[in-house]
Amino acid sequence: MCEDMKRSVIYPGSFDPLTNGHINIIKRASSTFDEVIVSVAINSNKSSLMTVDQRVKAIKKVFAKNKKVKVDKFEGLLVQYAKSKKVNTILRGMRTVQDFEYEMQMATSNNKLNSKIETVFMVADAKFSHISSSLIKDIIKLGGNAEEFVPEPIEKELKKILKKG
Ligand code: PNS
């Protein structure tokens, strides 16, 4: 590997919505890697609260001041997207042992699809290990307060969406 090559990592996910747990991982990754590409997966099979573009916009707002963080979206296979970005490293956060099986299957499958692809894991900070987007989605939909789980721009966006819906 060339000495001055930029070390980039793709952090893929649904981010519906981005949580404080995701933010913690992205911040830590941005001090380990030169570039963190947060990439929102376009998945029409999953019922979502925010549109992909709303998610991209809100994540961009959260990281507006962090030059190392880029926000993007992708459709189709993650390994193909990674190839198009010329990035071989995928980052995923791991909260609990329950995450492990799914993450192991994904990491192994991605590596089988393209042997250049390596997945690296960051263990979630214990403060955030109970947070999940689906839980937050439920709390928001049922009128609860998600303030302590999501950053302000996301909370604002969610409130707007719910008023419209
Ligand atoms: O936040 P999530 O929902 O756990 O993220 C899952 C995601 C988007 C990373 C995963 O579903 C994915 O990579 N989807 C893209 C399609 C793909 O490549 N599937 C095969 C992965 S083994």
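**Backbone geometry, pockets and surface of the predicted model**

Proline 17 is placed in the loop between β1 and α1, and in this predicted model the residue is joined to aspartate 16 by a cis peptide bond, with omega at about 5°. The loop between β1 and α1 also holds phenylalanine 15, whose phi is near 50°, a positive value in a residue other than glycine. Most residues other than glycine have a negative phi, and most peptide bonds are trans. Phenylalanine 15 has a relative accessible area of 3% and therefore counts as buried, the cut-off for that class being under 20%.

A positive phi is also found at lysine 86, where the value is near 60° and the residue is again other than glycine. Lysine 86 is placed in the loop between α3 (residues 78–85) and β4. With a relative accessible area of 76%, lysine 86 is classed as exposed, because that class begins over 50%. The two positive phi values thus belong to a buried residue in the case of phenylalanine 15 and to an exposed residue in the case of lysine 86.

Turning to the open spaces, the largest pocket has a volume of about 1000 Å³ and is lined by 43 residues, among which Gly13, Ser14, Lys46, Arg92 and Tyr102 lie nearest its centre. Two or more lining residues are given to the largest pocket by each of the strands β1 (8–13), β2 (35–42), β3 (69–75) and β4 (89–94), and by each of the helices α1 (20–32), α2, α4 and α5 (133–141). Helix α4 makes the largest share of this lining, with seven residues. When the lining of the largest pocket is divided by class, 18 residues are nonpolar, 16 are polar and nine are charged.

The second largest pocket encloses about 230 Å³ of space, and of the 13 residues that line the second largest pocket, Met5, Lys6, Arg7, Ser8 and Asn88 are the closest to its centre. The lining of the second largest pocket comprises five nonpolar, three polar and five charged residues.

As for enclosed space, the structure holds one cavity of 30 Å³ or more, and the volume of the largest cavity is about 30 Å³. The lining of the largest cavity consists of Gln54, Lys57, Ala58, Lys61, Pro153 and Glu157, to which α2 (52–62) and α6 (152–164) each supply at least two residues. The largest share, four residues, comes from α2, a helix that also gives two or more residues to the lining of the largest pocket. By class, the lining of the largest cavity divides into two nonpolar residues, one polar residue and three charged residues.

On the surface, Val97, Phe100 and Met104 make a nonpolar patch of about 320 Å². Phenylalanine 100 is placed in helix α4, which spans residues 97–113, and α4 is also the element with the largest share of the lining of the largest pocket. The relative accessibility of phenylalanine 100 is 43%, so this residue counts as partly exposed, a class that lies between the limits of 20% and 50%. Patch residues must have over 30% relative accessible area, a condition that phenylalanine 100 meets at 43%.

Conventions: Residues numbered from 1 in each chain as written. Predicted model: local features only at pLDDT ≥ 70, side-chain atom pairs only at ≥ 80, totals over all residues. Heavy atoms only, no water. Patch = residues over 30% accessible without salt bridge, like charges linked within 9 Å, V, L, I, M, F, W, Y side chains within 5 Å. Areas by Shrake-Rupley, 256 points an atom, 1.4 Å probe, with all protein chains shown as cover. Salt bridge = Lys/Arg side-chain N within 4 Å of Asp/Glu carboxyl O. Buried < 20%, exposed > 50% of the residue type's maximum accessible area, 1.4 Å probe, protein only. 1 Å grid on protein atoms, 1.4 Å probe; cavity = no way out; pocket = protein on both sides within 12 Å on 5 of 7 lines; lining within 4 Å. Points joined across faces, edges and corners; volume = space filled by probe spheres on them. Nonpolar A, V, L, I, M, F, W, Y, C, P; charged D, E, K, R; others polar.
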